[in-house]
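Me: I should like a close look at one part of this model, namely the surroundings of a single charged side chain, followed outward into the rest of the chain. Please set it out as one connected account.

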Amino acid sequence: MGGRYGAFTFCDRITEYVPARRARATFAVPGNLTGFSPCLTAEATGQLAAWVAMAHIGFRGRPVAALAHDVRMHSEVRPGETLTLEVDIEECDDSAVFYQGRAHVGGREIVRLIDCLGPMLPQDEYDSADDLAREFALLCGEGAPPGRFEGIGPHAMETIDASADSRSACLHVPVAAPYFVDHFPRRPVFPATLLLDHAIRVAADLVDADAAIAAPLRVSQVKNVKMRDFIRPGEDVVLRVTRLAAGDDGPRVKLEATIGERKMATAQIAFAQAVLEAA
């Protein structure tokens with residue numbers, strides 16, 4: 001499977017669609033995966049908003065992840081489960097899309113996106129408008145065959161600095177990877193959600209080292225996400241997380257991602273005690 005619309009596209013069928021207003025879709029997480037992170041669930045929700053936004057402007061442009069005020073991560077979807085994705089579009093035009101979103105499995109909320117903004121960029125620099133229009137028609141009709149996604153695969157990342165209050169790691173973005181086929185075919189860009197996924201791992205290493213915390217922790221919230229520039233294939237990104245004052249539910253850290261002197265992304269990551277879920 002995999003390939004175009006399988007390597008990094010997380011929507012099987014759009015089941016409800018009100019142009020420029022809202023949409024609902026499903027995505028069946030393949031059962032053969034080892035996991036499907038909350039960051040990928042957030043990506044799936046954002047992609048549904050992107051489909052609505054692109055269709056509204058005739059696929060002349062496409063939104064890219066730039067600002068997310070609040071991403072709340074409540075649970076993880078298990079391989080073999082089917083996500084329901086929902087988005088409400090607050091504003092949408094040729095310059096940007098502003099939206100809210102959520103993903104759930106039955107009554108179990110997985111992720112909620114609050115106040116997300118995606119600036120529109122010229123479509124022809126990144127992808128084929130005709131290809132996207134055909135895929136959108138398929139998603140709104142009979143739907144795409146499930147099980148196309150084959151996973152992300154490992155990325156090389158090494159710790160370069162560690163102290164009681166901070167961690168730094170170097171993430172080596174591959175020169176080639178299957179997801180670049182979707183993200184994007186004419187101008188490959190490392191997905192912001194994969195950057196956050198790796199940053200959360202660095203942050204978890206920092207907070208898990210705190211001997212004062214006895215219970216297991218999980219990421220619960222990523223706030224004030226700001227992507228400042230694109231990350232290209234083959235670049236090395238330094239992820240630095242620094243401890244902040246603890247929140248009501250648990251530890252918090254500040255993220256700064258850089259390439260040389262360039263600041264690529266910033267965010268705050270919060271953790272809470274993990275709650276065991278019934279199988």
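The request and the reply below concern one acidic residue and the parts around it.

Me: Where is Asp 12 found, and which residues is Asp 12 in contact with, leaving aside its neighbours within four places in sequence? Please then continue to the salt bridges, the largest pocket and the backbone features.

Reply: The model is a predicted one, and every value below is computed from it.

Asp 12 is found in the segment before β1, the strand that spans residues 13–18. Asp 12 is buried, yet it has no salt bridge. The nearest side chain of opposite charge belongs to Arg 148, and it is 5.0 Å away. A salt bridge requires a side-chain nitrogen of Lys or Arg within 4 Å of a carboxyl oxygen of Asp or Glu, so the 5.0 Å between Asp 12 and Arg 148 does not qualify. The side chain of Asp 12 does have a polar atom 2.7 Å from the backbone nitrogen of Ala 28. Ala 28 also appears among the contacts of Asp 12, together with Thr 26 and Phe 27. Further contacts of Asp 12 are Leu 139, Gly 143, Ala 144, Pro 145 and Pro 146; neighbours within four places in sequence are left aside here.

Arg 148 has a salt-bridge partner elsewhere: Glu 135, with the closest N and O atoms 3.4 Å apart. Arg 148 lies in the loop between α2 (129–140) and β8 (156–162), whereas Glu 135 lies in helix α2, so this pair ties together parts that are 13 residues apart in sequence. Both Arg 148 and Glu 135 are buried.

This pair belongs to a wider set, for a search of the whole structure finds 23 salt bridges. Another is formed by Arg 240 and Asp 161, whose closest N and O atoms are 3.7 Å apart. It links distant parts of the chain, with Arg 240 in strand β11 (residues 236–244) and Asp 161 in strand β8, 79 residues apart. Arg 240 counts as partly exposed because its relative accessible area is 35%. Asp 161 is likewise partly exposed, at 36% relative accessibility.

The side chains of Glu 235 and Arg 262 also meet in a salt bridge, at 2.9 Å from N to O. Glu 235 lies in the loop between β10 and β11, and Arg 262 lies in strand β13 (residues 262–273), so the pair ties together parts that are 27 residues apart in sequence. Glu 235 is buried, with a relative accessible area of 18%, whereas Arg 262 is partly exposed at 35%. Salt bridges that share partners also join Glu 16, Arg 22, Arg 24, Glu 86, Arg 102, Glu 109 and Arg 112 into one network.

The account now turns to the largest pocket. About 850 Å³ of space lies in it. Its lining consists of 47 residues, and those nearest its centre are Glu 43, Pro 63, Val 64, Ala 65 and His 183. The elements that give two or more residues to this lining are α1 (38–56), β3 (61–63), β4 (67–73), β6 (96–105), β7 (108–122), α3 (192–208) and β10 (217–227). Helix α1 supplies the largest share, 9 residues.

Pro 38 is placed in helix α1. Pro 38 counts as buried because its relative accessibility is 9%. Not counting residues up to four places away in sequence, Pro 38 touches Met 73, Ser 75, Glu 76 and Val 111. Between Pro 38 and Glu 261 there are 30 Å in space, C-alpha to C-alpha, and the two are 223 residues apart in sequence.

Several backbone features complete the picture. The peptide bond from His 183 to Phe 184 is cis, with omega near 0°, and His 183 is one of the residues nearest the centre of the largest pocket. Phe 184 is found in the loop between β9 (166–172) and α3. Phe 59 has a phi near 60°, a positive value in a residue other than glycine. Phe 59 lies in the loop between α1 and β3 and is buried, with a relative accessible area of 9%. A positive phi, near 55°, also occurs at Asp 115. Asp 115 is in strand β7 and is partly exposed, with a relative accessible area of 31%.

Key:
Residues numbered from 1 in each chain as written. Predicted model: local features only at pLDDT ≥ 70, side-chain atom pairs only at ≥ 80, totals over all residues. Heavy atoms only, no water. Helix = DSSP H or I, 4+ residues; strand = E, 2+ residues; numbered from the N terminus. Buried < 20%, exposed > 50% of the residue type's maximum accessible area, 1.4 Å probe, protein only. Lys, Arg positive; Asp, Glu negative; His and termini not counted. Polar contact = N/O pair within 3.5 Å; in protein donor to acceptor, adjacent residues only side chain to side chain. Contact = heavy atoms within 4.5 Å. 1 Å grid on protein atoms, 1.4 Å probe; cavity = no way out; pocket = protein on both sides within 12 Å on 5 of 7 lines; lining within 4 Å. Points joined across faces, edges and corners; volume = space filled by probe spheres on them.
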